[in-house]
Amino acid sequence: MRYAARLVLLALLSLSSAAADSAPASEPRTVAVTARRYEFEPATITLKKGETVKLVVTSEDVTHGLFLRPLHVDMDLPAGEARTVVVTPAESGTYTAICHHFCGAGHGGMKLKVIVE
Ligand SMILES: [Cu+2]
């Protein structure tokens, strides 16, 4: 009985250490972007192909959006709130993300250039 209990305990211990080993080595790099009428700041961000990054986007004034189909980014950005999306670009290239929530007269020119190296 006692021996069996020890075996179970050993099995549980090895399971928990296996789970710890499979945890990600480090947090992804964070890229912060601010949205405001009628720009994103910075206006250009540079990512690396295959690198996972955490994109944190905050609107300063009204509701904006951020849309970039090739990177599967489709964010609503309510005023004053930070929203996060994790992206891992699969292809290098230069992309243009747009605001896809009408935010005023300059809405059509509100773009974020995304370079994937
Ligand atoms: Cu807009």
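1. The largest nonpolar core of this predicted model has 25 residues. Phe40, Ile45, Leu47, Leu55, Leu66, Val73 and Val114 touch the most other members. At least two core residues come from each of strand 1 (29-36), strand 3 (44-47), strand 4 (53-59), strand 5 (64-68), strand 6 (73-77), strand 7 (82-87), strand 8 (93-98) and strand 9 (111-116). In soluble globular proteins, nonpolar side chains tend to be buried together.

2. What does phenylalanine 40 contact beyond its neighbours within four places in sequence? The residues are Val33, Thr34, Ala35, Gly65, Leu66, Cys99, Met110, Lys111 and Leu112. Of these, alanine 35 also stands opposite phenylalanine 40 in strand 2. Strands 1 and 2 run antiparallel and are joined by 3 bridges.

3. Strands 1 and 2 belong to an open sheet of 4 strands, with the order 2-1-4-7 and mixed pairing. Strand 2 (39-41) and strand 7 are at the edges with a single partner strand each, so one side of each has no neighbour in the sheet. Ignoring direction, neighbouring strands here are turned by 25° against each other on average.

4. Strand 9 pairs with strand 8 in the antiparallel sense, over 6 bridges; leucine 112 is the bridge partner of alanine 97. Strand 3 and strand 9 run parallel, joined by 4 bridges, and here threonine 44 has lysine 113 as its bridge partner.

5. Which side chains of strand 9 are buried, and which are not? Leu112, Val114 and Val116 point to one face and are buried. Lys111, Lys113 and Ile115 point to the other face and are not buried. In a regular strand, side chains alternate between the two faces of the sheet.

Key: Residues numbered from 1 in each chain as written. Predicted model: local features only at pLDDT ≥ 70, side-chain atom pairs only at ≥ 80, totals over all residues. Heavy atoms only, no water. Core = buried A, V, L, I, M, F, W, Y, C linked by side-chain atoms within 4.5 Å. Buried < 20%, exposed > 50% of the residue type's maximum accessible area, 1.4 Å probe, protein only. Contact = heavy atoms within 4.5 Å. Pairing = 2+ DSSP bridges. Axes fitted to C-alpha atoms, helices over the stretch in contact; angles between N-to-C directions.
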